[in-house]
Amino acid sequence: MEKNFPGVPDALDGDTRIKLEKLPRTTLEPGSVLFRPGDEALGFVLVNAGRVGVYLTGRSGREILLYTVEPGETCVQTTLGILGGQHYTGEAIAETAVEIVVVPRQLFMELMESSPGFRRFVFRAFADRMADVTWVLEQVAFVRIEQRLAGLLLRRAGDGDVVPLTHQQIATAIGSAREVVSRRLEALRSKGLVTMDRGAIRVADRGGLARIAEN
C-alpha cells in the first residue's frame with residue numbers, strides 16, 4: 001500500500017492491497033460522530049489520518065474514554081460488531097480531522113478468509129485494543145485519581161508543557177467526575193505543579209507530577 005495510506009498494514013498480498021486501494025476515502029471534521037450506541041456495524045473502519053476517541057456513557061450520563069484509534073489501529077467494537085453481530089455500545093467521535101476508509105462487511109469477511117496478512121492485522125490490532133481497555137479498567141479500579149490525573153497531564157503535554165483540555169475532557173479521559181477533577185487540579189496548582197488558563201492546563205513541575213504518577 002502507498003506510504004500515504006498508513007491506515008492499512010504493509011505486509012499484505014498484492015490482490016488485497018488493490019482491493020483496499022479502490023475503496024473511497026472519507027474526510028470527517030473534528031466532533032463528527034462515527035457511531036452511537038445501538039448502531040449496527042456496517043463496515044470495518046480503517047483510520048488513515050487523525051484520531052478517533054471511543055467513549056462509554058453510563059446511566060448517570062458520565063462518560064469514560066475507552067481508547068483512541070489512530071492510523072494503523074482498529075476499533076474493538078467494530079470488530080465485534082462485524083464478527084459477532086454485536087451492536088455498538090459506545091460512541092466514536094473524531095477528536096481531530098480524520099480520513100477513513102470503510103471496508104464493507106462482505107469484503108471484510110472475504111479478506112478474513114482469503115488473506116492471512118489481513119487476518120493477522122485484524123486480530124493483532126484487536127488484541128492491542130483489548131489491552132488498552134484492560135489498562136483503562138485497571139486504572140479506574142486500582143489507581144488513585146491523583147495518579148491518573150498526573151499521568152494524563154504528562155502524556156498529553158508531551159514534550160511541551162500545555163495540556164489543551166477542559167476539566168470535563170480530563171474527567172472523561174481518566175474516568176472521574178468534573179467536580180473531582182477540578183478539586184484535584186486546584187490541589188496541584190496550590191503545590192506549584194500546574195497553572196491553569198482558560199481551556200488549558202500548563203505543566204509547571206514535570207518532575208513533581210512524575211513522582212505522583214509513579215507513586
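Here are four short exercises with worked solutions on this predicted model.

**Exercise 1. Classify the ring pair of Phe35 and Tyr88, and say where its two partners sit.**

Step 1. Begin with the total: there are five aromatic pairs in the model.
Step 2. Take the geometry of this one. The centres of Phe35 and Tyr88 lie 3.6 Å apart, with 5 degrees between the planes. Planes under 30 degrees apart count as stacked, and stacked is indeed the class of this pair.
Step 3. Place the partners. Phe35 belongs to strand E2 (residues 33-35), while Tyr88 lies in the loop between helix H2 (76-84) and strand E6 (91-94). With the two positions 53 residues apart, the pair links distant parts of the chain.
Step 4. Check the surroundings: Phe35 and Tyr88 are both buried.

**Exercise 2. Do the same for Phe44 and Phe118, then look for a wider cluster.**

Step 1. The ring centres of Phe44 and Phe118 are 6.3 Å apart, and pairing needs centres within 6.5 Å.
Step 2. The planes meet at 70 degrees, so this pair is edge-to-face.
Step 3. Phe44 is part of strand E3 (residues 43-49) and Phe118 of helix H4 (residues 116-142), 74 residues apart. Here, too, distant parts of the chain are linked.
Step 4. Phe44 and Phe118 are both buried.
Step 5. Follow the ring pairs outward: they join Phe44, Phe108, Phe118 and Phe121 into a cluster.

**Exercise 3. Describe how helix H6 is covered, using Ile174 as the test residue.**

Step 1. List the buried residues of H6 (residues 167-174): Ile170, Ala171, Thr172 and Ile174.
Step 2. Find the cover. Among the elements over these buried residues are strands E4 (52-57), E5 (63-69) and E10 (200-203), along with H4 and helices H5 (145-157) and H7 (178-190).
Step 3. Turn to Ile174. Its relative accessibility is 5%, so Ile174 counts as buried.
Step 4. Leaving out residues up to four places away in sequence, Ile174 touches Val140, Ile145, Arg148, Leu149, Leu152 and Val181.
Step 5. Look at one of these contacts: Val140 is 34 residues from Ile174 in sequence, yet their C-alpha atoms are 7.2 Å apart.
Step 6. Finish at the helix end, where Gly175, just after H6, has a positive phi of about 75 degrees.

**Exercise 4. Is Leu83 buried or exposed, or in between, and which patch does Leu83 help to make?**

Step 1. Leu83 is located in helix H2.
Step 2. Its relative accessible area is 40%, so Leu83 is partly exposed.
Step 3. Together with Met109 and Phe123, Leu83 makes a nonpolar surface patch of about 260 Å².

Methods:
Residues are numbered from 1 along each chain as its sequence is written. This is a predicted model: local features need pLDDT of at least 70, side-chain atom pairs count only at pLDDT 80 or more; totals for chains, interfaces and linings use all residues. Side-chain values use heavy atoms; hydrogens and water are left out. Rings of Phe, Tyr and Trp (its six-membered ring) pair if their centres lie within 6.5 Å; planes under 30 degrees apart count as stacked, over 60 as edge-to-face and the rest as tilted. Helices (H or I, at least four residues) and strands (E, at least two) are DSSP runs, numbered from the N terminus. Buried means under 20% relative accessible area, exposed over 50%, partly exposed in between (1.4 Å probe, protein chains only). Contact means heavy atoms within 4.5 Å. Patches are made of residues with over 30% relative accessible area and no salt bridge: like charges are joined within 9 Å, nonpolar side chains (Val, Leu, Ile, Met, Phe, Trp, Tyr) within 5 Å. Accessible areas come from the Shrake-Rupley method with a 1.4 Å probe; for residues, only the protein chains shown count as cover. A salt bridge is a side-chain nitrogen of Lys or Arg within 4 Å of a carboxyl oxygen of Asp or Glu.
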